[in-house]
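Please open the model in your viewer and keep the sequence panel beside it, so that each selection can be followed in both.

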Amino acid sequence: MFLALREIRHEPVRFTLIISVITLVAYLTFFLASLAVGLAHRYRAGIDGWNTASVAVTDASNENLSASRLSDKQLNAATALAKDNGTTASALMSTAAVAQAPDVNDEDGEALREDVFAFGIDLDGQLSPPVADGQTISAPDSEVLVDDSLKSKGLAVGDTIRLLGSDHDWTVVGFTHDTTFQAAPVVTMDSQALRQHGPTSLSPAVSAVVFTSDLTTDSKATQSAKDAGLTILTTEELVRTLPGYSAQVLTFSLMIGSLIIIASTVLGIFIYVLTLQKRPVLGILKARGVPTGYLIRSGCAQTLVLSVAGIGIGLLLTMATSLVLPRAVPFRISAPLDLLIVTAFIAISVIGGFISVRVISRIDPVEAIS
């Protein structure tokens, strides 16, 4: 370590450039990782907020929540299934809609319109989200809760919204936090009110029955559900069936993995070139009796110092960026994922540094000095 740090202090410009390259690639990697986590979170936040274990949808929906429409017979069967297994069942009515706020203007000066998902639930049940700002619904026929991402659009407590396709007005009485579904904000309302006053063209109906316990491991329960024309999924399986979710996660994962490999390989090449340039110096050290193992450990230590410095600065820049980005950007830092990236970066960088081991071990002091 002494030799590694001494060389870095002796050649500050050269090693600053190397650290800069590592910093930029690390920053790009952390930035993309945060975007991936943020976008994935917006896809699934509404489902994660249920704090439930399994969901029943219709067989005909192809495990797609938006396409699932339960008949009254299927709803009764799902409720009975929950009762037989000692768990709580909550019916969810979900429909994609366009919300218009006539009293709020967008950037073009027109009435605000926003794509949303309307969730009709039992307001006293398991699926009811906590209110982050405002108050809970007291008049189910005329009041709703909306995700606080719409605050940035100018929506406020007391404003009126209307779901296009319906002539019914709803008053926003409160905001919820992290209630988004497929990256769209969720409007939470009473299920009976949504059925009665929702857009007539969409024919709102029960989309799923949500269970607090995992029924997918019970073969009897899954068979009973199948007999009723239902499929039981874990909430994680339901998330993976969301359109585009798996594709975007796979895409970002491949990009992040590629960046880690590229950055680590570049660092290994830099260390290899530096080792070749230091052949005369290393030859003198070996001629003076410095063990080859010590020189190899010094090279690995130098690689470790450079990678930790570059990765650390890149992570700090990412955290600073998160403070200035507008909320509209799906940016969310994940400590476990960042820790995994840091570990992979350092491990692969050190492995890449071993490329120079062969050069050091084969240096002939006489040949190197001459």
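**A strand and its partners**

Begin by selecting strand β8 (residues 180–181) together with β9, which pair in the antiparallel sense over 2 bridges; strands here are DSSP runs of E with at least two residues, helices are runs of H or I with at least four, both numbered from the N terminus, and two strands pair if DSSP finds at least two bridges between them. This is a predicted model, in which local features need pLDDT of at least 70 and side-chain atom pairs count only at pLDDT 80 or more, while totals for chains, interfaces and linings use all residues. Residues are numbered from 1 along each chain as its sequence is written, and side-chain values use heavy atoms, with hydrogens and water left out.

Within this pair, F181 has A184 in β9 as its bridge partner. The two strands, β8 and β9, form a hairpin with 2 residues between them, and in the turn Q182 shows a positive phi of about 55 degrees.

Next, extend the selection to the whole of β9 (residues 184–190), where 7 of its 7 residues are buried, that is, under 20% relative accessible area, against over 50% for exposed and in between for partly exposed (1.4 Å probe, protein chains only). Add strand β3 (residues 111–121), which pairs with β9 in the parallel sense over 5 bridges; here F117 stands opposite V186. Then add strand β5 (residues 143–147), which runs antiparallel to β9 and is joined to β9 by 2 bridges, with L145 opposite T188.

From β5, move to the loop between β4 (133–134) and β5, and select Q135. Q135 counts as partly exposed because its relative accessible area is 45%. Display V172 as well: Q135 and V172 are 37 residues apart in sequence, yet their C-alpha atoms are 9.4 Å apart in space.

**Two surface patches**

Now show the surface and select I269, Y272, V273 and L276, which make a nonpolar patch of about 310 Å². Patches consist of residues with over 30% relative accessible area and no salt bridge, with like charges joined within 9 Å and nonpolar side chains (Val, Leu, Ile, Met, Phe, Trp, Tyr) within 5 Å; areas come from the Shrake-Rupley method with a 1.4 Å probe, and for residues only the protein chains shown count as cover. A salt bridge is a side-chain nitrogen of Lys or Arg within 4 Å of a carboxyl oxygen of Asp or Glu. L276 lies in helix α7 (residues 245–277) and is partly exposed, at 37%.

Finally, select D59, E63, D214 and E237, which form a negative patch; Asp and Glu count as negative, Lys and Arg as positive, and His and the chain ends are not counted. Each charge is placed at NZ of Lys, CZ of Arg, CG of Asp or CD of Glu. E237 is found in helix α6 (residues 235–240) and, at 31% relative accessibility, is partly exposed.
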